[in-house]
Amino acid sequence: MRSFQIQDNLGFMKKLLTDDTFDTFLLSEASITTFATFQIDGSFHPDYLNTEEAALLTAEKSGYTLWRRIRPFFYDLTKGKHTPLKFRIIFRLAPHNVEKLLLQSGVSFSADQVDGLFLNISFDGKSITCVSGLAMNVFTLDKTLEHAWDGMLSRFFHQKQIPFL
C-alpha cells in the first residue's frame with residue numbers, strides 16, 4: 001500500500017472529471033459531500049439496459065461500471081460556486097488489466113487469486129490523497145503484487161503528468 005499526496009488539486013480534478021485519464025478504471029463506490037452527501041454504488045445492473053448495450057458492458061464480467069459512465073454525474077455534483085466539502089472515490093483495476101499487470105510484472109499469482117487492485121482517492125476539503133490497495137482471495141505474506149501495483153500507479157501518475165509526493 002502506498003499513499004500519493006497530489007500536488008496540483010486543480011490539475012488533478014480536471015483529469016479526474018473532464019479528461020479521460022481515469023476512464024478505464026471501474027468504480028467500486030464513491031461519495032461526495034456538497035449541500036448534501038451523495039453516495040454512488042458502482043455495481044453494474046445490466047437489466048437496466050437493452051440486450052445489445054448490456055452485452056457490450058458485461059463483456060468484462062467485472063460487475064462494476066466504468067468511471068467514464070459515472071464521471072458526468074459526479075462532475076455535475078461538483079459544479080457550482082463552492083468546492084465540495086469532501087469526496088471519496090474507490091476505483092478498481094479492470095480484470096483484463098489485472099491479468100496484464102500479473103503477466104508484465106512476473107508475479108506468480110493467478111488472476112482468480114486477486115479479488116481486486118484498488119485506487120482510493122479522497123479529498124478532505126484541502127488536499128487530495130490517493131492510496132493504493134489490494135484484496136486477495138488467498139492468504140499470503142508475499143508483497144510482490146502489492147509492490148507491482150504501487151509501481152504501476154506511480155508510472156501511471158508520471159505518464160499522465162500528475163505530480164505527487
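**Entry 1: V114**

I started with V114, which counts as buried at 9% relative accessibility. The model I am reading is a predicted one. I placed V114 in strand β6. Next I listed what V114 touches, leaving aside its neighbours within four places in sequence: V98, L102, A135, M136, N137 and L145. I also looked up V114 against L66; the two are 48 residues apart in sequence, and their C-alpha atoms are 19 Å apart in space.

**Entry 2: the nonpolar core**

I then asked which residues have the most contacts inside the largest nonpolar core. They are F12, L16, F22, W67, I89, F91 and I121, in a core of 39 residues. I noted the elements that give two or more residues to this core: the helices α1 (9-17), α3 (67-78), α4 (95-105) and α5 (144-159), and the strands β2 (26-33), β5 (86-92), β6 (114-123) and β7 (128-136). The largest share, 6 residues, comes from α5.

I picked F91 from the core for a closer look. Not counting residues up to four places away in sequence, F91 touches L16, F22, F25, L26, L27, W67, L117, F118, L119 and I121.

**Entry 3: aromatic rings**

I found 15 aromatic pairs in the structure. One of them joins F156 and F157, with 5.9 Å from centre to centre and 55° between the planes, and I recorded this pair as tilted. Are F156 and F157 buried or exposed? F156 has a relative accessible area of 13% and F157 one of 0%; the cut-off for buried is under 20%, so both are buried.

I also looked for rings that group together. One aromatic cluster is formed by F4, F12, F22, F25, W67, F74, F87, F91, F123, F156, F157 and F164.

**Entry 4: α4 against α5**

How do α4 and α5 lie relative to each other? Their axes come within 10 Å and cross at roughly 105°. Angles of 65 to 115 degrees count as roughly perpendicular, and α4 and α5 are therefore roughly perpendicular to each other. For the contact itself, I wrote down L101, L102 and S105 on the α4 side, meeting L145, A148, W149 and M152 on the α5 side. By class, this contact has 6 nonpolar residues, 1 polar residue and no charged ones.

I had already met L102 and L145 in the contact list of V114.

**Entry 5: two serines**

I looked up S31 in strand β2. S31 is buried, with a relative accessible area of 14%. Its contacts, not counting residues up to four places away in sequence, are F38, Q39, F74, F87 and R88. Of these, I had seen F74 and F87 in the aromatic cluster.

I then turned to S132, which lies in strand β7. At 1% relative accessibility, S132 counts as buried. Leaving aside neighbours within four places in sequence, I found S132 in contact with M1, R2, F118, W149, D150 and L153. S132 and N120 are 12 residues apart in sequence, and from C-alpha to C-alpha they are 6.3 Å apart in space.

**Entry 6: Q161**

Where is Q161? I found Q161 in the segment after α5. Its phi is near 55°, a positive value in a residue other than glycine. Q161 has 64% relative accessibility, and the cut-off for exposed is over 50%, so I entered Q161 as exposed.

Note on methods: Residues numbered from 1 in each chain as written. Predicted model: local features only at pLDDT ≥ 70, side-chain atom pairs only at ≥ 80, totals over all residues. Heavy atoms only, no water. Core = buried A, V, L, I, M, F, W, Y, C linked by side-chain atoms within 4.5 Å. Buried < 20%, exposed > 50% of the residue type's maximum accessible area, 1.4 Å probe, protein only. Helix = DSSP H or I, 4+ residues; strand = E, 2+ residues; numbered from the N terminus. Contact = heavy atoms within 4.5 Å. Phe/Tyr/Trp six-rings, centres within 6.5 Å; stacked < 30°, edge-to-face > 60°. Axes fitted to C-alpha atoms, helices over the stretch in contact; angles between N-to-C directions. Parallel < 35°, antiparallel > 145°, perpendicular 65-115°, else oblique. Nonpolar A, V, L, I, M, F, W, Y, C, P; charged D, E, K, R; others polar.
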